[in-house]
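Student: I've got this one open in the viewer and would like to go through the labels people put on it. Can we take them one at a time?

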Amino acid sequence: MKNIIKIAAIGMVAGFAFASGAIAEPLGVSKPVIPTDKNDPLKEIWSGYKWASPETRAMEDDDFANPAGPWLEIGENEWGKKDGEAGKSCADCHQDAASSMKGVATKYPVYFDEWKKPMALEQRINYCRENKMKAKPYEWEKDQMLGMMIYVKSQSRGMPIEVKVDDKLKPFFDKGKEYYYTRRGQLDMSCAHCHENNFGQQIRAEVLSQGQSNGFPTYRLKWQKPGSLHRRFKGCNEQVRAKGQGRGADDYVNLELYLAWRGQGLGVETPAVRR
Ligand code: HEC
Ligand code: HEC
């Protein structure tokens, strides 16, 4: 509890406010999203917010108490900072993120023609850094990337996730789906064992959610910082004693695409707060 008060205080000192604070609440928070796709395995889609404790929810609800605040500021600063041989900042090309980045987070991962495969939002950011700015890519799990992800994604807060699984994406979507349902590790469990068949059940000290991706990067109290979706994937792999993969691995991007589809209609909730 002391800790919670302490980090809340940091948020307060930083004095930030999320750009889209005007949005009442993301979809899937107090009411479920009813899937429109008849192939959806879930009857009701819920954000992990549903199973978070009242204390954790309160931290997420209050922009000034949300412990991810300092990272939002890092992202905002990075947005305006010139870097790399081209001497450009994100803002030089994309101007005001509030309009240029609005809605962007709802559609990732997207198919990237040049790579002939899907691209996650972190990869798009680094693509711009390397190719448009001639700057060094951010490291996936470092503060600058987490900050930029939170800054870019929070411009879509509350907007429904809507990935377009077209013919080009379909083979990757299928791979992601297969990954989701494959048993692995010493416990021989798939993602579905915990997040499809048993959500709402208690597992050790935690209550299982549907394992949705709409709040990432998510501030985890356990990590004492925000973490990427791929960090969570790795953690969940390790929970069943399987080997996790590196951030940005093809398997993880495909899985991310499949997970986004499972959560279609949920509002972007970045930065969510979880246990
Ligand atoms: C020299 C110009 C330039 C700079 C600097 C630049 N970008 Fe881009 N960026 C582009 C272009 C061109 C596109 C592709 C146009 C499109 O898809 O809308 C793009 C696309 C994007 C997209 C995908 C938008 C979408 O709708 O899918 C994101 C996100 C993005 N940039 C983020 C950034 C960030 C963050 C930075 C700074 C770290 C940055 N960009 C720096 C030119 C730039
Ligand atoms: C042994 C059970 C178990 C398995 C198997 C498992 N997870 Fe999890 N996962 C958890 C627990 C516990 C949490 C934390 C509580 C919660 O949100 O469910 C969690 C959280 C998550 C979250 C964060 C949800 C949020 O709202 O922040 C995502 C995303 C996730 N898991 C994805 C996956 C994926 C993808 C797989 C398969 C690769 C997987 N998990 C396999 C137990 C599991």
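Tutor: Sure. Bear in mind that this is a predicted model. Let's start at ligand 2: helix α10 supplies the largest share of its shell, 5 residues.

Student: Which residues come nearest to ligand 2, and which elements give two or more residues to the shell?

Tutor: Of the 25 residues around ligand 2, the nearest are G48, C191, C194, G211 and C236. The elements giving two or more are α9 (191-195), α10 (229-239) and α11 (250-262). By class, that shell splits into 11 nonpolar, 11 polar and 3 charged residues.

Student: What makes G48 and G211 polar here?

Tutor: Gly is counted among the polar residues, whereas Cys counts as nonpolar, so G48 and G211 go in one class and C191, C194 and C236 in the other.

Student: Next, the helix pair. Why is α6 called roughly perpendicular to α7?

Tutor: Helices α6 (residues 121-132) and α7 (residues 143-154) pack at about 110 degrees, with axes 10 Å apart. Roughly perpendicular covers 65 to 115 degrees, and the angle of about 110 falls in that range, so the label applies to α6 and α7.

Student: Which residues make that contact?

Tutor: L121, E122 and I125 from α6, with M145, M148, M149 and V152 from α7. By class that's 6 nonpolar, no polar and 1 charged. Glu counts as charged, so E122 is the charged one.

Student: And which residues have the most contacts inside the largest nonpolar core?

Tutor: L121, M149, I150, V152 and L257, in a core of 48 residues. Helix α11 gives the most to this core, 8 residues.

How values were computed:
Residues are numbered from 1 along each chain as its sequence is written. Chains are lettered from A and ligands numbered from 1 in the order in which they are written. This is a predicted model: local features need pLDDT of at least 70, side-chain atom pairs count only at pLDDT 80 or more; totals for chains, interfaces and linings use all residues. Axes are lines fitted to C-alpha atoms, for helices over the stretch in contact, and angles run from 0 to 180 degrees between N-to-C directions. Helices (H or I, at least four residues) and strands (E, at least two) are DSSP runs, numbered from the N terminus. Angles under 35 degrees count as roughly parallel, over 145 as roughly antiparallel, 65 to 115 as roughly perpendicular and the rest as oblique. Two residues are in contact if their C-beta atoms, placed from the backbone, lie within 7 Å. A residue is near a molecule or strand if its C-beta atom, placed from the backbone, lies within 6 Å of it. A nonpolar core is a set of buried Ala, Val, Leu, Ile, Met, Phe, Trp, Tyr and Cys residues joined through C-beta atoms within 7 Å. A residue is buried if 20 or more other C-beta atoms lie within 10 Å of its own, exposed if 12 or fewer, and partly exposed in between; C-beta atoms are placed from the backbone.
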